[in-house]
Amino acid sequence: MRKFYLSLSALLLALSASAQSTLSQPMVGKATNISSDGFTANWKPVPKADGYCVFVYTQTPVMADGEQVINEETFSGITSGNMNNPLGGDEDYVDLAAKGYSDTYGWSAYALPTFVKGMVAGLVYSPYLDLRANGGKYKIILTTLSTNGDIIRVESHGRGEKVVREYKTRIPGGNQGTSIDTLEFDNGSKDLFFSVINMTATPGRADYLDGVKVIQNMRAGEVINSMITSEEAIDAWDDTAMDSVKSCRISKLTYAYGAKTLFYDMYATRHDYSRPNGKVPYTAIYSPYSEMVKVNLDDKSSEIVDGIEHISSDVRRAHRMQGVYNLSGQRVDENYRGIIIKNGKKIINQ
């Protein structure tokens, strides 16, 4: 399941173009113009595409079989606001990463969200998460500041139709407080996302999401793909240059936490207006994902790799090593700032 973004010029192209039910897989090229803080992603034009979406990741090798934390979000970037005087409440949509509110890239909130220190209230959307391991089975652990009996609704958009879970919060003493609850799903996909909302929230009562943890059983040799930035509204045609768009600059690397080995892939998009989808006057068409491209910001190299499997030999070698390592596989000391791998676990050192 994929979110879809399309700019105005791409929409006009979609309206005038002939209908097409499929798009071919984009052919990616090696990254160019690599610097210490960015690179240019390249591809060949996809026939009949209206736009492209490019995604950038870090990869963490799994060292041992067992549960792995795929994403942990505490909203630690929200450093002010309180129950009596929360922040926000005047915007229908807030990009939490753009405001520096989230620890990881891709979180957003809708429905006039409000914020208190370390928490968010509203309709909260997760980033895209690669949850193909373990047959798509995964867990979400939610920490909410709520009232006993509040109904929390979670919608998981992954493989197949969306899966909906609702549960009632359990606050000791029956008042307001913290409820920690675990939900299980089995519709994991490469680009799963989910939403969380308190369905019974009312003014004057606590209804805040305090933290989220996504866990999945994985095997040694598999890889955790963590999205750190994206460009999701690239027009397929440049009106100024009068040419097909074949590249984009990637430079927003805040959520790479200093990682120097990055990966990117992409897909092409279009709107098929010959096939309305319910009340929507079009059907969104997506190409398959491209191959993955590896980019090393240190030695300015790039290569096309085969997704996840290419790293397996490195994982087996790293599994025999002891100590603390960064995401590039380099040994570092305990004072290293950024994401480290210690005893097979990904940790953020700040």
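Two strands count as paired here if DSSP finds at least two bridges between them. Keep that in mind as you look around this predicted model.

**Stop one: strand β9.** Select residues 138-147, which form strand β9. Eight of these ten residues are buried, so β9 is largely enclosed by the rest of the structure.

**Stop two: the partners of β9.** Add residues 176-185 to your selection to bring in strand β12, which pairs with β9 in the antiparallel sense over ten bridges. To see where one of these links sits, pick Ser146 and then Gly177, its bridge partner in β12.

Now add residues 208-218, strand β14. This strand and β9 also pair in the antiparallel sense, over seven bridges. Here, click on Thr144 and look for Leu209, its bridge partner in β14.

**Stop three: Asn134.** Move next to the loop between β8 (119-125) and β9, and select Asn134 there. Most residues other than glycine have a negative phi. Asn134, however, has a positive phi of about 55 degrees although it is not a glycine. Is Asn134 buried or partly exposed? With a relative accessible area of 37%, Asn134 is partly exposed.

**Stop four: Asn33.** Finally, select residues 28-35, strand β1, and find Asn33 within this strand. The phi of Asn33 is near 50 degrees, again a positive value in a residue other than glycine. Its relative accessibility is 56%, and because the cut-off for exposed is over 50%, Asn33 counts as exposed.

Terms used. Residues numbered from 1 in each chain as written. Predicted model: local features only at pLDDT ≥ 70, side-chain atom pairs only at ≥ 80, totals over all residues. Heavy atoms only, no water. Buried < 20%, exposed > 50% of the residue type's maximum accessible area, 1.4 Å probe, protein only. Helix = DSSP H or I, 4+ residues; strand = E, 2+ residues; numbered from the N terminus.
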